[in-house]
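Reader: Could you take me through one part of this structure at close range, and then show me how it connects to the rest? I would enjoy a single connected walk through the helices, their packing and their charged pairs.

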Amino acid sequence: MDKSLHGKKWEIHKFGGTSVADSSCFLRVANIIEDRLGITNSSHSTSSFPSSSFPEEKKEESKDLNLGIVVSAMGGKPKVTDLLLNAVTAASQRQSDALESYLSLVESKHINCLSTLPLDSSTSTALITKMKNDLQDIRDILRTVSLLKWNASRISDLVAGYGETWSAQILCALLSHRSSLTEHTFLYLDARRVITVNEEKDGKSFFVEWNMSQEKLQKVYEQDVLSSIGKEKKVHFVITGFVASNTQNVPTTLQRDGSDYSAAIFGRLFLSQGITIWTDVNGVMSADPRRVPSSYTLTEVSFNEAMELAYFGAKVMHPKTMLPASITPPIPLYIRNTFQPSFPGTRIYTSSATHSNRDKCVCGFSSIDSMALINVEGSGMVGIPGVAKRLFGTLESKGVNVVLISQASSEHSITFATTLEMAEVAKEGIEEEFRREIENNHISTVEIQKPCSIIAAVGDGMPTTTGVSGRFFTALGDAKISVLAISQGSSARNISAVVYTSESTRALRAVHAAFRLSHTSVRVGVIGMNEVGLSLLKLLEEQRNKLRSRFEIDLMVVALMKDGMEEKEEEENGRIVTLKEDGEKHNGDLDWNTCSITMEVYQSLTASTEATSDNTVAKFTPGDLSTLPQHVLSPDCAHNIIFDCTGETNVGQYHATWLKSGVHVITANSTGLSGPIKQRNAIDAVLNQHGRNVSYLREVTVGGALPVVRTLHDLLYSGDCVHFVDGILSVSMSYILYRIAPPPGAKAGNAFDEHSSNGAFQGVSFDTPCLFSEAVKEAVDLGLMETDPRRDLSNEYTARVLMVLAKELDDLDKCYDVEKIQDSSDQLFLDDECNDINTLYTKVNALMKERVESAAEKGCVPRHVSSIDAKAGTIEVKIVDVPLNHVFAITPPSCECVRFFTERHRSYPLIIQVNKFCCVCLPDGSLSFLIICYENISSGKHSLTIHIFLTTRIKQHTGTFCRS
């Protein structure tokens, strides 16, 4: 007979307090154990619990497998261990009623559990009797505590350990009862018979006596197994966690998270094939899911990574748990969820995927809150030996634990982090120790910054990946996070930054997204729920999944405003549609259906009233243009955007205010940059001061779908010099003048294009000219103009577009305003000429007919041409007679065309021409936009530059175009 327990295959499974909180939890644990052992003939198996905890290959290994099952005290609310410790405290304070109340809760908790478990009555009675006898022993012990008013740690250790003995005995009895007809035998093992620790004199630390513990375990195996049972049955131990004995055989505990440590110790003693920690989470997370909803379970991490994450706030496992498992030969650790046993969880072993995947060189982020940062600074510290020794010696004498240290190479200052409650103690101790230096101004400052949090990036792949620190701190900078202190060890496995606690959640989310561990969340607000805004909302919804998968951006629509009208003018327009709860669930998982306002949600809400609406996603919120950013901004999200889809001057007045609040503004509204000089200067001032943190994207204010502004920027940034810009910038005037003076041969050209493109080109041509008034009416019907055309024909829109372009050319706009451009332009008629529109049509029809005939005699057609002469500093809007073969003459109706005459493009100008409404056409014929993401991966930077080009093509029954 093999007398060595190492001749068998062992696995350790540890179940925490939440896993054995009540009778249903005990049954779930029993199912998991039976599933691992392949016990299928148990007459008591519970079908209501899943039994697919392990893959098939694991089940094949179960034939010769022995288990060590480590159990914590019953958890839930209240926890048994807490109740026992509270009873000790109550006894030391002679609070007899409270003491009895705690012990009664302990008794009722276990009796309720046993009464609902499928055990025979004799077994239940024996367990209850044993527990009551133990409780009487506890009362006897606490009577002495009460008499002496003495709460010794030895007493607390002894009493606290009872909870594990009861839960282990209950589980052992349950497993024995359910497997009575099988070859498996379950034995109860009190860990105090095996685990032996050598305690330090301070009573706060200890180390395991491995040789002594190994000898005790072998002795237990020989006595309890070989002598009593034999080898014909498979023996499994159900072991108490948390408790141990010292070298004098006095009961003690393994302190915080002792049950996990117990499992790791037994894993080493048994030389097990694996140690599985069963808890109430799916594994080690890439970040705290309560603060980073898009965090996820890591499939594998290394021992070093797990230690770092655990030390810096990850609650899954204590760092000391990894120590026994990481000793050679290493034993893999698994973190799994008792309540989702089919989930594979996290494997902790010698290495992880962070070594091979550059983008995933960081496995996760964690944080420690409730910290204080203490800075000791002074010129008298420079070059003086022993200052650091005196500083940290003082902290040790005061019992202050230093979590993080940062020192400048100049030795002018030493900064360290400690807990909030010890900050004042540390400061007083330092001031006392360095009293003379402070009096002589050799030390100028002993300063506390609080409350703070430490954000840590952890990954074994960090030392071999360049640019990790750059990406980490760039992400914090982009999120507007102030970094108070930095610390990194020479192993480069951990980069830590101290930030204010108020910014810690935003910091976690920013760095988590920067290393591609989650999507970059962008909160979006839209003002102007007209055809443009509604189409944008629809497209954001349709393209959201594609943007998340392809660009790792999640655009969440969080606020909508119908227009910029004041509430007093129309009550509904003064309200903002906002999300109810931002879609974040209490379990940390995002419900993607409720974290963004969709077209359906908006329409259902606006179709009802606040009183009758049953909308669970969005709600009406009082507000106006000044408060809109408040509903878009979030302290936990670094990227916030407002889309201005209006053309209203009162909305443009708020662009500077929105930018100053920290919101990016993407505008199709040109009134912001073409308004009064004071308004334009305000926008310039904000961009000059905050331009690194906010963007003012106005591409679509000029030319709609045409990349006019971007092209102009590219020319200027490349070192070219722009001398002259002209073009057809009014889609309505483009249509009208083409209709009254179509170029000859347009139909033949369209026919050729349709043939050569195999039908991909579908042109629109008009061979027969019409009257000016008829062309205007057609434009109105197509939505290209206002119902009253005088507003469009006054060149106001074109003047505003030119003001935007002029701003890009050495601030040429400073010398102009909209009214000045209008006054000097060729206007077909003025508002004050006549109140009767029909009379105006008659006069203009004759005028334009004469103009067309005059141009035809010269072989030309009239076209509406806008221009900016950068050299002369002039801006003009004119009706110009252009040759029939000129690009302006053949520009199709409702199209725009812009030419750039530069130093490099003198002979042949750079021309941009496109149908304003067909830059990107989606199948639904709605609003379309293009997002270009710039990711500079080579430099380690994961920053997002978003340019959104808006165009519209509203689908109508006639299939024609409508107004932008």
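Author: Happily! Let's begin with helix α3, whose buried residues pack against α4, α5, α6 (153-160) and α7 (162-178). Please keep in mind that this is a predicted model. The residues of α3 that count as buried are Val80, Thr81, Leu83, Leu84, Ala87, Val88, Ala90, Ala91 and Ser92. The length of the helix makes sense too: α3 has 13 residues (80-92), which at 1.5 Å a residue should span 18 Å, and the C-alpha atoms at its ends are 19 Å apart, in agreement. After α3 comes Arg94, which has a positive phi, near 55 degrees.

Two of the helices that α3 packs against, α4 and α5, are also joined by a charged pair. Arg139 and Glu100 bring their side chains together in a salt bridge, with 3.0 Å from N to O. Because Arg139 belongs to helix α5 and Glu100 to helix α4 (residues 96-115), this pair ties together parts that are 39 residues apart in sequence. What about the surroundings of each partner? Arg139 has 17% relative accessibility, so it counts as buried, while Glu100, at 35%, counts as partly exposed.

If you follow α5 (residues 121-148) along, you will find Leu148 in it. This leucine has a relative accessibility of 54%, and therefore counts as exposed. Leu148 belongs to a nonpolar patch on the surface together with Leu147 and Trp150, and the three share about 370 Å² of accessible area.

Let's now step back for a moment. The protein has 32 helices and 32 strands, and 54% of its 964 residues count as buried. Its exposed area comes to about 41800 Å², of which carbon and sulfur atoms supply 50%. Among contacts with a separation of 6 or more, 72% are between residues 24 or more positions apart.

Salt bridges offer a good way to see such links in detail; the whole structure holds 32 of them. One is between Lys14 and Asp260, whose closest N and O atoms are 2.8 Å apart. This pair links distant parts of the chain, with Lys14 in strand β1 (residues 9-15) and Asp260 in helix α9 (residues 258-269), 246 residues apart. Both Lys14 and Asp260 are buried.

Asp260 has another neighbour worth a look. Thr321, leaving aside residues up to four places away in sequence, touches Asp260, Tyr261, Ala264 and Leu333. Thr321 sits in helix α11 (residues 319-326), and its relative accessible area is 0%, so it is buried.

For a helix to set beside α3, try α13. Its 14 residues (420-433) should span 20 Å at 1.5 Å a residue, and the distance of 21 Å between its end C-alpha atoms agrees with that. The buried residues here are Ala423, Ala426, Gly429 and Ile430. They cover an arc of only 140 degrees around the axis, which means that they lie on the same side of α13. The geometry of such helices helps here: an α-helix has 3.6 residues a turn, so residues three or four places apart point the same way.

What do the buried residues of α13 pack against? Their partners are β13 (364-377), α12 (387-397), β15 (413-419) and β16 (445-458). The face of α13 that is turned away from the buried side carries Glu421, Glu428 and Glu432, which are exposed.

One of the strands in that packing, β16, meets α13 through a charged pair as well. Lys450 and Glu424 form a salt bridge in which the closest N and O atoms are 3.8 Å apart. Lys450 is in strand β16 and Glu424 in helix α13, so to speak of distant parts of the chain being linked is fair: they are 26 residues apart. Lys450 has a relative accessible area of 45% and is therefore partly exposed. Glu424 likewise counts as partly exposed, with 38% relative accessibility. Finally, Arg390, Glu433 and Glu437 are joined into one network by salt bridges that share partners.

Methods: Residues are numbered from 1 along each chain as its sequence is written. This is a predicted model: local features need pLDDT of at least 70, side-chain atom pairs count only at pLDDT 80 or more; totals for chains, interfaces and linings use all residues. Side-chain values use heavy atoms; hydrogens and water are left out. Helices (H or I, at least four residues) and strands (E, at least two) are DSSP runs, numbered from the N terminus. The expected span of a helix is 1.5 Å times one less than its number of residues. Buried means under 20% relative accessible area, exposed over 50%, partly exposed in between (1.4 Å probe, protein chains only). The arc is that of the directions from the helix axis to the C-beta atoms. Contact means heavy atoms within 4.5 Å. Patches are made of residues with over 30% relative accessible area and no salt bridge: like charges are joined within 9 Å, nonpolar side chains (Val, Leu, Ile, Met, Phe, Trp, Tyr) within 5 Å. Accessible areas come from the Shrake-Rupley method with a 1.4 Å probe; for residues, only the protein chains shown count as cover. A salt bridge is a side-chain nitrogen of Lys or Arg within 4 Å of a carboxyl oxygen of Asp or Glu.
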